Structures are given as C-alpha cells and as structure tokens.
Amino acid sequence: AGLGDSDKRFRDAWETRDGIVWAELPVAKWQGRGGHRVIKMDLTMGVAPLKEHLVMLGGSANGNNPLHDAWASDNGGFSWTELEAPVWPARHSFAAAMFQ
C-alpha cells in the first residue's frame, strides 16, 4: 500500500525477514490507499483466543478521499480480515500508537 507516481494508490503488501530480500504477498481485499497507518497489537477475533495482529487503519483513496476502515492480519500480512468500522471519522495521514 502507498502512493506512487501520479498520486496512484497501491494495495500491495510485502514481507522480508532480513530487510534485503523482499517477497510480495497475495493481493489484499482492501482498496489502494496512502496515508494509512499499521500498528501491531493483540486482538480477539470472534471466539478465538487473544493473538498478535497487524492492524491497518484508514488512509486515503484516489482523489485524497479519507477512508473509514480497519483491517487485521494474524499471519504477517499474508491475509487480511476487515474489522467493524472505527468509531472515529474517516481520516488519513494521522498518528497511531499502541500502548499496553
């Protein structure tokens, strides 16, 4: 995910184990975006036990329209599940932090 030439929004995801060799992950279901944030936090999905997840929040779609969605991955970004819409308004280019 992120911005490319001519303000194009991407929906790709990548992984690395060493910061040198990168592999593209399967294309996610979320729409292309820029200005989003990803945090790592423990979540319970349904009746499953608490587990570490990557959580992607908001961002902007084409035309700089803010997005009002959140997505979670419990397998390092290989697959994503859409969460309920956040209680705050749609936004992009914001700060996010996890505190335990």
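Select R37 and F94 to begin: in this predicted model, the charged end of R37 sits over the ring of F94, at 5.7 Å from the ring centre.

Keep F94 selected and display its surroundings. Beyond its neighbours within four places in sequence, F94 is in contact with G35, R37, L57, G58 and G59.

Next, extend the selection to the core to which F94 belongs. The largest nonpolar core consists of eight residues: I39, M41, L43, V55, L57, A70, A72 and F94. Colouring by secondary structure is useful here, as β5 (37-43), β6 (51-57) and β7 (70-73) are the elements that each give two or more residues to this core. Of these, β5 provides the largest share, with three residues.

Now move to a second group of side chains. Another core, of five residues, lies apart from the largest one; among its members are A28, M56, W71 and W80.

From this second core, retain W80 and add W30. Are these two residues buried or exposed? Both W30 and W80 are buried. Together they bring the tour to the one aromatic pair that the structure holds. Orient the view to show both rings: the centres for W30 and W80 are 6.1 Å apart and the planes stand at 80°, so the pair is edge-to-face.

Finally, trace the chain outward from each tryptophan. Where in the chain do W30 and W80 lie? W30 is in the loop between β4 (22-24) and β5, whereas W80 is in the loop between β7 and β8 (81-82). The pair thereby links distant parts of the chain, its two members being 50 residues apart.

Notes
Residues are numbered from 1 along each chain as its sequence is written. This is a predicted model: local features need pLDDT of at least 70, side-chain atom pairs count only at pLDDT 80 or more; totals for chains, interfaces and linings use all residues. Side-chain values use heavy atoms; hydrogens and water are left out. A nonpolar core is a set of buried Ala, Val, Leu, Ile, Met, Phe, Trp, Tyr and Cys residues joined through side-chain atoms within 4.5 Å. Buried means under 20% relative accessible area, exposed over 50%, partly exposed in between (1.4 Å probe, protein chains only). Helices (H or I, at least four residues) and strands (E, at least two) are DSSP runs, numbered from the N terminus. Contact means heavy atoms within 4.5 Å. Rings of Phe, Tyr and Trp (its six-membered ring) pair if their centres lie within 6.5 Å; planes under 30 degrees apart count as stacked, over 60 as edge-to-face and the rest as tilted. A charge sits over a ring if NZ of Lys or CZ of Arg is within 6 Å of the ring centre and within 35 degrees of the ring normal.
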